[in-house]
Each structure stands twice: as C-alpha cells, then as structure tokens.
Amino acid sequence: MKFSKKNKRSRNYLHYAQEGEVNIVKLFKNKPNEEGKAKDLLVPEHPHFDFILLAHGEAFEDINRLQELLRNIPSIELVAFIPLAALKTKEYFIF
C-alpha cells in the first residue's frame with residue numbers, strides 16, 4: 001500500500017487485508033518497504049510497534065477478547081488498543 005506523507009514523500013508499506021461481508025481485518029507494517037527509510041513510520045507516535053492491526057465488524061466488538069487472543073500467540077510481544085481518533089495519521093486507516 002502506498003501513502004503520501006504531508007511532506008510529499010511517498011512510501012510503500014506492506015499490508016494484508018481480509019474483508020468479508022461483515023468483518024474487516026487489515027494488518028499494516030509500521031515501517032516502509034524502502035531500505036534506509038525506517039524513520040518514516042506509518043504511525044510515528046508508536047515507533048515501538050512493528051505492526052498495526054485494524055479490525056472492524058461484529059466479530060471484533062469485544063476488543064478485550066481480541067486482545068486476549070492476540071496475547072496468547074507466542075510470537076506477539078505487545079498488544080495495545082489504539083483508538084483511531086487518537087492517531088495523527090488516522091487518514092491512512094479510514095477507507
């Protein structure tokens with residue numbers, strides 16, 4: 001997925017999307033694909049996050065349950081809820 005930042009630079013970010021009739025899951029890599037551009041994070045206010053998960057729909061109404069399921073995956077070190085409205089780059093996640 002390609003995003004243009006306010007300073008007119010475009011960066012490509014890896015993402016995965018699974019969209020059904022009711023539920024949507026999108027996983028974004030927080031760092032761009034281009035080498036040497038790691039400082040151009042998709043969500044700069046959360047530099048310690050490698051990935052950002054956008055989950056929307058009936059299956060994800062209980063955010064605590066989703067967080068619990070993710071925490072039980074051994075390779076996941078940190079799970080945190082980030083309200084979309086709190087993101088400076090929320091326009092990247094509004095489709």
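From the N terminus on, the elements follow the pattern β-β-β-β-β-α. That makes 5 strands and 1 helix in the protein, and it is worth keeping in mind that this is a predicted model.

A few overall values help to set the scene. The protein has 95 residues, and 25% of them count as buried. Its accessible surface comes to about 6,900 Å², and carbon and sulfur atoms account for 54% of that surface. As for the contacts between residues at least 6 apart in sequence, 46% of them join residues at least 24 apart.

**The sheet**

Let us turn to the strands that pair. Three strands form an open sheet in the order E3-E4-E5, and the pairing is antiparallel. At the edges sit strand E3 (15-19) and strand E5 (51-56), each of which pairs on one side only. From one strand to the next, the twist averages 5°.

How are E3 and E4 linked along the chain? They form a hairpin, with 4 residues between them. The two strands run antiparallel and are joined by 5 bridges. One place to look is Glu19, whose bridge partner in E4 is Ile24.

On to the pairing of E4 with E5. Strand E4 spans residues 24-29, and 6 bridges join this strand to E5, again with the two running antiparallel. Here Leu27 stands opposite Leu53 in E5, while Lys29 has Phe51 in E5 as its bridge partner.

**Tyr16 on an edge strand**

Tyr16 has its place in strand E3. Is Tyr16 buried, exposed or partly exposed? Its relative accessibility is 47%, so Tyr16 counts as partly exposed; the category covers values between the 20% that bounds buried residues and the 50% above which a residue is exposed. Once neighbours within four places in sequence are left aside, Tyr16 is in contact with Val25, Lys26 and Leu27. Of these, Leu27 is already familiar as the residue opposite Leu53 in E5. Tyr16 can also be compared in position with Phe28: the two are 12 residues apart in sequence, and their C-alpha atoms lie 6.7 Å apart in space.

**The helix and the segment after it**

Gln67 is found in helix H1. Its relative accessible area is 12%, and because buried means under 20%, Gln67 is buried. Not counting residues up to four places away in sequence, Gln67 touches Val79, Ala80 and Phe81.

Phe81 itself lies in the segment after H1. Which residues does Phe81 contact, leaving aside its neighbours within four places in sequence? They are Ile63 and Gln67. Phe81 and Asn64 are 17 residues apart in sequence, with 9.0 Å between their C-alpha atoms.

The two C-alpha distances mentioned so far are set out here.

| Residue pair | Apart in sequence | C-alpha to C-alpha |
|---|---|---|
| Tyr16 and Phe28 | 12 residues | 6.7 Å |
| Phe81 and Asn64 | 17 residues | 9.0 Å |

**The largest pocket**

Finally, have a look at the largest pocket, where about 1,100 Å³ of space lies. Its lining is made up of 35 residues, and the closest to the centre are Phe51, Ile52, Leu53, Leu54 and Ala80. Which elements each supply at least two residues of this lining? They are E3, E4, E5 and helix H1 (63-71). The most comes from E5, with 6 residues.

Several residues met earlier come back at this pocket. Phe51, the bridge partner of Lys29, is among those closest to the centre. Leu53, which stands opposite Leu27, belongs to that group too. Ala80, one of the residues that Gln67 touches, is also on the list of those closest to the centre.

Terms used. Residues numbered from 1 in each chain as written. Predicted model: local features only at pLDDT ≥ 70, side-chain atom pairs only at ≥ 80, totals over all residues. Heavy atoms only, no water. Buried < 20%, exposed > 50% of the residue type's maximum accessible area, 1.4 Å probe, protein only. Contact = heavy atoms within 4.5 Å. Areas by Shrake-Rupley, 256 points an atom, 1.4 Å probe, with all protein chains shown as cover. Pairing = 2+ DSSP bridges. Axes fitted to C-alpha atoms, helices over the stretch in contact; angles between N-to-C directions. 1 Å grid on protein atoms, 1.4 Å probe; cavity = no way out; pocket = protein on both sides within 12 Å on 5 of 7 lines; lining within 4 Å. Points joined across faces, edges and corners; volume = space filled by probe spheres on them.
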